[in-house]
Amino acid sequence: MDAIKDGKIQDAEIVRVISNRLKAFGLQRARDAGVPTVYHNLKTFGKQHPELTNDDQIRKGYDKALADLILEHRPKRSLVVCAGWMHVLSPNFLDPLERSNVPIINLHPALPNAFNGVDAIKRAYQAFQQGLITKTGVMVHYVISEVDAGKPLVIRELDLAKDETCAQLEDRMHNLEWLAIVEGVQLAITNM
């Protein structure tokens with residue numbers, strides 16, 4: 001939001017913020033800025049749809065409903081930005097957006113093909129402590145069905161420091177993520 005306001009991201013407007021975590025800071029920031037928000041949680045969705053009788057049906061229904069949320073009120077040119085979204089997106093979500101020419105990008109705190117999935121920073125820190133790596137980084141990539149495996153738009157490396165704690169590394173990674181997501185969003189918009 002700040003990068004759009006400050007002109008660091010051009011030709012963009014945030015039309016909705018969706019989160020699967022009720023207390024996500026992004027929801028409050030969006031509400032404070034007058035941007036519509038939606039809380040879309042898998043467990044809540046399952047309780048609201050008792051006709052879906054197993055986890056697979058609930059998951060597929062949830063992802064389809066998420067795609068519908070995005071597609072129902074979207075501008076002609078749209079981009080979905082996953083930043084802090086901790087839910088693997090299935091074809092029930094990905095396919096409708098692809099058919100509608102809506103690209104999806106994701107911010108991930110690791111370099112390509114390293115530490116895909118959850119706890120990437122913690123796993124990189126542990127690998128460094130074991131002498132397996134000397135650097136880590138962040139990437140913004142296009143989302144595909146394989147977790148954190150889409151084509152990278154932005155890759156930023158970070159040297160690991162011998163005496164730093166995992167919490168200190170997390171802070172440095174988050175600072176790098178904030179820069180990378182701005183660059184990645186602008187590149188994705190330019191590429192549309």
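Is Arg29 buried, partly exposed or exposed? With a relative accessibility of 28%, Arg29 counts as partly exposed. Keep in mind that you're looking at a predicted model. Here's a quick tour of its salt bridges, its one aromatic pair, its second largest pocket and a few single residues worth finding on screen.

**Salt bridges**

- The structure has eight salt bridges, and three of them are picked out here, starting with the one that involves Arg29.
- Arg29 pairs up with Asp2, and their closest N and O atoms sit 3.0 Å apart.
- This pair links distant parts of the chain, with Arg29 in helix 2 (residues 25-32) and Asp2 in helix 1 (residues 2-5), 27 residues apart.
- Asp2 is partly exposed at a relative accessible area of 41%, and Arg29 is also in the partly exposed class, at 28%.
- Another salt bridge joins the side chains of Arg16 and Glu72, at 3.8 Å from N to O.
- Arg16 sits in the loop between helix 1 and strand 1 (17-19), while Glu72 belongs to helix 4 (residues 55-72), so this bridge ties together parts of the chain that are 56 residues apart in sequence.
- For Arg16 the relative accessible area is 21%, which makes this residue partly exposed; the cut-off for buried is under 20%.
- Glu72 is partly exposed as well, with a value of 48%, and a residue has to be over 50% to count as exposed.
- Glu164 and Arg172 meet in a salt bridge too, with an N to O distance of 2.8 Å.
- In this pair the partners fall into separate classes: Glu164 is buried, at 9% relative accessibility, whereas Arg172 is partly exposed, at 29%.

**An aromatic pair**

- How many aromatic pairs does a search of the whole structure find? The search turns up one.
- The partners are Phe45 and Tyr62, arranged edge-to-face, with 5.9 Å from centre to centre and 80 degrees between the planes.
- Why edge-to-face? The angle between the planes is 80 degrees, and planes over 60 degrees apart get that label.
- Phe45 is part of helix 3 (residues 42-48) and Tyr62 is part of helix 4, so the pair ties together parts that lie 17 residues apart in sequence.
- Both Phe45 and Tyr62 are buried.

**The second largest pocket**

- This pocket has a volume of about 240 Å³.
- Which element gives the largest share of the lining? That's helix 5 (residues 91-99), which supplies four residues.
- Among the lining residues are Leu94, Asp95, Leu97 and Glu98, along with Pro103, Ile104, Tyr142 and Ser145.
- Sorted by class, the lining has eight nonpolar residues, two polar ones and two charged ones.
- Ile104, one of the lining residues, also turns up in a contact across the chain: the C-alpha atoms of Ile104 and Ala188 are separated by 8.9 Å, although the two residues are 84 apart along the chain.
- You'll find Ala188 in helix 7 (residues 166-191), and at 1% relative accessibility Ala188 counts as buried.

**Cysteines**

- If you go hunting for disulfides, a search of the whole structure finds zero.
- Cys82 is buried, at a relative accessible area of 8%.
- Cys166 is buried too, at 18%.

**Unusual backbone angles**

- Most residues other than glycine have a negative phi.
- Asp11 has a positive phi instead, near 55 degrees.
- Look for Asp11 in the loop between helix 1 and strand 1, where this residue is exposed, with a relative accessible area of 70%.
- Phe115 also has a positive phi, near 60 degrees, and isn't a glycine either.
- Phe115 is found in the loop between strand 4 (104-108) and helix 6 (120-129).
- Is Phe115 buried, partly exposed or exposed? Phe115 is partly exposed, with a relative accessible area of 22%.

How values were computed: Residues are numbered from 1 along each chain as its sequence is written. Side-chain values use heavy atoms; hydrogens and water are left out. A salt bridge is a side-chain nitrogen of Lys or Arg within 4 Å of a carboxyl oxygen of Asp or Glu. Helices (H or I, at least four residues) and strands (E, at least two) are DSSP runs, numbered from the N terminus. Buried means under 20% relative accessible area, exposed over 50%, partly exposed in between (1.4 Å probe, protein chains only). On a 1 Å grid over the protein atoms alone, a cavity is a set of points where a 1.4 Å probe fits but cannot get out, and a pocket is an open set with protein on both sides within 12 Å along at least five of seven lines; lining residues have an atom within 4 Å of a point. Grid points are joined across faces, edges and corners, and a volume is the space filled by probe spheres set on the points. Ala, Val, Leu, Ile, Met, Phe, Trp, Tyr, Cys and Pro count as nonpolar, Asp, Glu, Lys and Arg as charged, and the others, Gly among them, as polar. A disulfide is a pair of cysteine sulfur atoms within 2.5 Å. Rings of Phe, Tyr and Trp (its six-membered ring) pair if their centres lie within 6.5 Å; planes under 30 degrees apart count as stacked, over 60 as edge-to-face and the rest as tilted.
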